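Got the viewer open? Let's take a short walk through this one, stop by stop.

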Amino acid sequence: MIFLLSILTILNYNSNSIEINNAWVRPAGKGMNSALYFELKNSSANSDELFKVSSNAAELVQLHKTVNKNGLMEMKEIKSLKINGNQTIKFAPGGYHVMLIKLKKDLKTGNKIGFKFYFKKAGIIKADAVVKSY
Amino acid sequence: MKSKNIHTRISIIFFISILITFFYGCGKKLPEDIPIGVKDIVLLNQDSSRIIFPDSFKGKTLLLSFIYTNCPDICPMTTHNMQLIQQQVKKEGIDNVEFVEISFDPLRDTPSKLKEFGDIRDIDYNNFNFLTGNPVGIKSILNNMNILALPGDTTETKSGSKIYFFTHTDRITLIDKNGRIRNEYRGSKANIQAVVNDIKILGD
Ligand SMILES: [Cu+2]
């Protein structure tokens, strides 16, 4: 019984500890660039690390951060992002974003795009993002 | 007698406060008053129509920002803010306002690219123009208006397409009917109603 419970706990840890919520993408034309935004929630006590995001919608997908350097806006690629236990990190306009470079098709308002998020501990988590105007 | 006195006082206070509100509203000044510093620059809009900048907009209040359509994060936010301001201006019945976004990436931003960027956002082109043109002309506008746009390193995708992004100024500029700069805002973080209120100060 205890054995069964611990297996259930492990399964539960793997499926629910990291969540990708409210994912959305900006509209953009084929061949152009866009960005993916979402809330990354870690409800376990352990830290994890997001090191890659992939999608069929673009030729290149990179983790980015926009920084304000004395009034100049600059984007920097980040290799990975650590998330602490019980932490939520917001990917939002003007800050962290997943950049979609050279879109393979038009992204129009209302479209759904599939993404895979790669974590060092939680493994691959799939999530859909909706294209919305902003 | 006493109560009549109080009524008179209340009316006087009421009257004075109306006067204060009225004069405060009228006397509100915009922080800047400097010439835009360029003239007669020939540009093309999203329909490839010739626009002389800024002369084509003389006699109109102009809200101006600078973008490049390959920008995934900041420029779409600025464009969205310009669009929200345009909608609010229309809603409040303010006439004679033009909205312009000039590309600082004219080599890639052809008129058709600008049109695609506008179309996908349902831009109301009635009083909204995206402009591009000869890099020399655009450079002189950027220099005169202190807009920086520095191309970063070029990287390549698997298919061999070259990509680069700009580090750039994030600004919306308010220009009056005489072509003078009257206020500036953070483009991607602009307070919509504050900009609309400034436009109102300049009048129809
Ligand atoms: Cu980016």
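## Start where confidence drops

Select residues 21–26 of chain B: the pLDDT here stays under 50, and the model shows zero contacts for this stretch beyond four places in sequence. Keep in mind that everything on this tour belongs to a predicted model. Now colour the rest of chain B by confidence. Its average pLDDT is 90, with 86% of the residues scoring at least 70. For the complex, the predictor reports an ipTM of 0.85 and a pTM of 0.86.

## Next stop: the copper ion

Click on the copper ion and show what surrounds it. Which atoms coordinate the copper ion? You should find ND1 of A:His64, SD of A:Met75, NE2 of A:His97 and SD of A:Met99, at 2.2 to 2.6 Å. The arrangement is tetrahedral because the angles subtended by the four donor atoms run from 101 to 120°.

Now turn on the ribbon for chain A. A:His64 sits in strand E4 (residues 58–69) and A:Met75 in strand E5, so this pair ties together parts that lie eleven residues apart in sequence. Reading along the sequence, the spacing of the donor residues is H-x10-M-x21-H-x1-M.

## Stay with A:Met75: the second largest cavity

Keep A:Met75 selected, since this residue also helps line the second largest cavity. Add A:Thr66, A:Met73 and A:Glu74 from chain A, then B:Tyr68, B:Cys71, B:Ile74, B:Phe166 and B:His168 from chain B, and you have the lining. The space inside is about 40 Å³.

Which strand gives the largest share of this lining? That's E5 of chain A, with three residues. Strand E10 (166–169) of chain B also supplies at least two. Sorted by class, the lining has six nonpolar residues, two polar and one charged.

## Last stop: the largest cavity

A search of the whole structure turns up three cavities of 30 Å³ or more. The largest holds about 80 Å³ of space. To find its centre, select A:Pro27, A:Ala28, B:Thr69, B:Phe117 and B:Arg121, the closest to that point of the 16 residues in the lining.

Then highlight helix H3 (residues 111–119) of chain B. This helix provides the largest share of the lining, three residues. Colour the lining by class to finish: eight residues are nonpolar, four are polar and four are charged.

Methods:
Residues numbered from 1 in each chain as written. Chains lettered and ligands numbered in written order. Predicted model: local features only at pLDDT ≥ 70, side-chain atom pairs only at ≥ 80, totals over all residues. Heavy atoms only, no water. 1 Å grid on protein atoms, 1.4 Å probe; cavity = no way out; pocket = protein on both sides within 12 Å on 5 of 7 lines; lining within 4 Å. Points joined across faces, edges and corners; volume = space filled by probe spheres on them. Helix = DSSP H or I, 4+ residues; strand = E, 2+ residues; numbered from the N terminus. Nonpolar A, V, L, I, M, F, W, Y, C, P; charged D, E, K, R; others polar. pLDDT = per-residue confidence, 0-100. Contact = heavy atoms within 4.5 Å. Donors = N, O, S within 2.8 Å, 3.2 Å for Na, K, Ca; no water. Tetrahedral: all angles 85-135°; square planar, octahedral: opposite > 155°, others 65-115°.
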